[in-house]
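Here's a quick briefing to help you find your way around this chain. Have a look at the structure first, then read on for the main points.

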Amino acid sequence: LNEQTENRIYAGEVSDVDLRVTSLMALQPGEILRFHLTGFTGELGDWDSESYNVTFEESTTFMDLRAVRFIPAEEPTAVAFTGIKLPVDGIWYQQQKILISTVASEGVVLPQPLADVQAVGALKYTSLEFGFPMADMPTKIDLTMEPYMFVDGPLILYLPGFQRGLSGALGDSCVVVLPGSTRARETIYCVWDDIAQYLSFNLTEIEPLQVVELAVDFSAGIRIPEAGLALNNPELKVEILKARYGSVPPTSIMVSPSIGVFLETSLAYDPGRAGEASSINVTFRYNGEMFPNDVVQILLPGFRGPPFSNYF
């Protein structure tokens, strides 16, 4: 079983799929090969096969391939289909959940794992936090994730708009923490690309469902965008490359904070004479939304006058 459009393979989403079968026994017309597609959901869309009629039942996750002709032993056959979503927790390398069985007249085959299934990576949880979260200032970066699969390869964290001023390895600024593991805290090799605006980490031997915390210190000098960040910004993404156990295409971080910034500000007085009472006009433009009871604080050092409350 292989997903055809490898650069578009996402756990929990529709993919084009190829099923290829070579049976050691003959199949008579009307006999069925049954695939147990555990975790797959949705309705079968287009399919193509010269050897079978194809049906899929979501409630049982059975895909039945009914022979439309006599199929000799050891003849390779294939089915291509789309419309069905891949499991949300991905497909593990050397998996044991996607099975094939048959009750053909030449012999019953009990459900057994497919011999070759392309792995599909998936992340159960991702979050991003920043230390000293101020626009256009250096920050500490903390990525937390929980992969469904074994991870042993490069991880890319895309941070569009972030700047450092130069690209290169970050030395001792990067660490990985694996809570509950014997590998409690380790320095990790990581690289910043100032043009493409991403961090690259080299992960090794991360077990499935192990919480992984990747931290980049202030000392790395990576700055938050001067325009701030929206809440749960979909442009902040993580990718796992060339993973034998299932790659993860660029996928938006699930949880990330908003970082506000005033895009424009001005302060005017009428009359503008030192030591005299004056009306004050403040204007500003904020990068996000504001809601009732949100507070904007304006510091006016050197100004004097009685306390007051005034609402417009």
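**Starting from one residue**

V176 counts as buried, with a relative accessibility of 4%, because anything under 20% falls in that class. Keep in mind that this is a predicted model. V176 sits in strand β16, which makes it a handy place to begin.

**Around V176**

- Setting aside neighbours within four places in sequence, V176 is in contact with A184, R185, E186, I188, V212, E213 and L214.
- V176 and S23 are 153 residues apart along the chain, and 47 Å separates their C-alpha atoms.

**The chain as a whole**

- If you're hunting for helices, there are zero of them, while the strands number 24.
- The radius of gyration is 28 Å, well over the 20 Å that the globule rule gives for 312 residues, so the chain is more spread out than a compact globule.
- Along the principal axes, the C-alpha atoms fill a box of roughly 105 × 45 × 35 Å.
- Of the 312 residues in the chain, 37% are buried.
- About 17900 Å² of the chain is exposed, and carbon and sulfur atoms supply 52% of that area.
- Take the contacts between residues at least 6 apart in sequence: 68% of them join residues at least 24 apart.

**Nonpolar cores**

- In soluble globular proteins, nonpolar side chains tend to be buried together.
- Which residues touch the most other members of the largest nonpolar core? They are L199 and F201, in a core of 36 residues.
- Several elements give two or more residues to this core: β12 (123–131), β13 (140–147), β14 (154–158), β16 (174–177), β18 (190–193), β19 (198–202), β20 (212–216) and β21 (237–240).
- Not counting residues up to four places away in sequence, L199 touches I141, L155, I156, L157, L159, L170, V191, W192, V216 and I222.
- Another core, of 28 residues, lies apart from the largest one, and its members include L19, L37, I71 and V120.

**A nonpolar patch on the surface**

- F262, L267, Y269, I280, V282, F284, Y286, M290, V296, I298, L300 and F303 make a nonpolar surface patch of about 970 Å².
- Two elements, β23 (262–270) and β24 (279–286), give two or more residues to this patch.
- The largest share comes from β24, with four residues.
- F284, which lies in strand β24, is partly exposed, with a relative accessible area of 37%.

**Backbone details in the loops**

- What is the geometry of the peptide bond from D270 to P271? That bond is cis, with omega near -5 degrees, and P271 has its place in the loop between β23 and β24.
- E74 isn't a glycine, yet its phi is positive, near 65 degrees.
- You'll find E74 in the loop between β7 (62–67) and β8 (76–81), where E74 counts as exposed at 55% relative accessibility.
- N232 isn't a glycine either, and its phi is also positive, at about 50 degrees.
- The loop between β20 and β21 holds N232, and N232 is partly exposed, with a relative accessible area of 33%.

Terms used:
Residues numbered from 1 in each chain as written. Predicted model: local features only at pLDDT ≥ 70, side-chain atom pairs only at ≥ 80, totals over all residues. Heavy atoms only, no water. Patch = residues over 30% accessible without salt bridge, like charges linked within 9 Å, V, L, I, M, F, W, Y side chains within 5 Å. Areas by Shrake-Rupley, 256 points an atom, 1.4 Å probe, with all protein chains shown as cover. Salt bridge = Lys/Arg side-chain N within 4 Å of Asp/Glu carboxyl O. Buried < 20%, exposed > 50% of the residue type's maximum accessible area, 1.4 Å probe, protein only. Rg over C-alpha atoms; globule rule 2.2 N^0.38 Å. Contact = heavy atoms within 4.5 Å. Core = buried A, V, L, I, M, F, W, Y, C linked by side-chain atoms within 4.5 Å.
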